[in-house]
Amino acid sequence: MQDASKDFWNSRWETGQTGWDIGAPAPAFTTYFSDFSQKNAAILIPGCGSGHEAEFLLSIGFTNITVIDIAPKAVAILNEKFRSNPNITILCNDFFQHEGSYDYIVEQTFFCAIDPDHREAYAQQTHDLLRPKGKIIAILFDRSFEGGPPYGGSKEEYIQLFTTKFNILFIEANQQSIPQRMGSELFGVFEKK
Ligand SMILES: C[S@@+](CC[C@H](N)C(=O)[O-])C[C@H]1O[C@@H](n2cnc3c(N)ncnc32)[C@H](O)[C@@H]1O
């Protein structure tokens, strides 16, 4: 899976086909993390793209951020952007091969980018990477798409997928979606069982 996926995503980056990029951290995340006092929480952002969420978290004082993207071109951009910042680890890797231990995983248009056949593996991998009571903080699409990626989904599907391994603390319509996505996103918090 890795090579085909890597080539596909890297060519999207090389040719500037990054229409998913909203150009800023998603407001639901900035609200969620703004009041956190535990600034040394270990936070993983898989399929991070341009790293807007990482940039925000660093700007408010978080000190233990890890970002992963499979596309070398995306990672070159990240390395330039976060040059020499000791509070962020930048990895060019396949999320499904990654090993680590985190308090939070931030999900934004990565889940929708992977083949739906890999959704069970995503639930397992996020579970494996989180510490006890660790959480996925997720923005997930609440709509279908023709073809894909992106691949869509619904609240019921996500509950069914994650509920064996996670306590679904919250999953509701995202009240802070950007205008183009308003009404088509969910915001969820899933705690590792
Ligand atoms: C739709 S983009 C979303 C990027 C970013 N999360 C955003 O919202 O702007 C999906 C990203 O996931 C990366 N990606 C795809 N498969 C991956 C994998 N298996 N492991 C790590 N990154 C992957 C792609 O290179 C791409 O940057």
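Trainee: Which residues point one way from β7, and which the other way?

Mentor: In this predicted model, E185, F187, V189 and E191 point one way from β7. L186, G188, F190 and K192 point the other way. Residues on both sides are buried.

Trainee: How many residues of strand β7 are buried, and what follows from that?

Mentor: The cut-off for buried is under 20% relative accessible area. Strand β7 covers residues 185-192, and eight of its eight residues are buried, so the strand is largely enclosed by the rest of the structure.

Trainee: Which strand pairs with β7 over seven bridges, and in which sense, parallel or antiparallel?

Mentor: For two strands to count as paired, at least two bridges between them are needed. Strand β5, residues 130-141, pairs with β7 in the antiparallel sense, over seven bridges. To find the register, look at I136, which stands opposite F190 in β7.

Trainee: What joins strand β6 to β7?

Mentor: Seven bridges do, and the two strands run antiparallel. Strand β6 spans residues 166-173. Here A173 stands opposite L186 in β7.

Trainee: Now the ligand. How many residues surround the ligand, and which are the closest?

Mentor: A residue enters this count if one of its heavy atoms lies within 4 Å. There are 19 such residues around the ligand, and the closest are G47, D69, F95, Q108 and T109. Helix α1, residues 2-14, gives the largest share of this shell, with three residues.

Trainee: Which polar atoms of I70, Q108 and T109 lie by the ligand, backbone or side-chain?

Mentor: The distance limit for a polar contact is 3.5 Å between N or O atoms. For I70, a polar backbone atom is 3.1 Å from a nitrogen atom of the ligand. Q108 also uses the backbone: one of its N or O atoms there lies 2.8 Å from a ligand nitrogen atom. With T109, a polar side-chain atom lies 2.5 Å from an oxygen atom of the ligand.

Trainee: How much of the ligand's accessible area does the protein cover?

Mentor: On its own the ligand has 590 Å² of accessible area, and the protein covers 97% of this.

Trainee: Where does the ligand sit?

Mentor: In the largest pocket.

Trainee: One last residue. Where is E53 found, and is E53 buried or exposed?

Mentor: E53 is part of helix α3, residues 52-59. Its relative accessible area is 8%, so E53 is buried. Along the chain, E53 and D142 are 89 residues apart, and their C-alpha atoms are separated by 21 Å.

How values were computed
Residues numbered from 1 in each chain as written. Predicted model: local features only at pLDDT ≥ 70, side-chain atom pairs only at ≥ 80, totals over all residues. Heavy atoms only, no water. Buried < 20%, exposed > 50% of the residue type's maximum accessible area, 1.4 Å probe, protein only. Helix = DSSP H or I, 4+ residues; strand = E, 2+ residues; numbered from the N terminus. Polar contact = N/O pair within 3.5 Å; in protein donor to acceptor, adjacent residues only side chain to side chain. Areas by Shrake-Rupley, 256 points an atom, 1.4 Å probe, with all protein chains shown as cover. 1 Å grid on protein atoms, 1.4 Å probe; cavity = no way out; pocket = protein on both sides within 12 Å on 5 of 7 lines; lining within 4 Å. Sits in = over half its atoms within 2 Å of the grid points.
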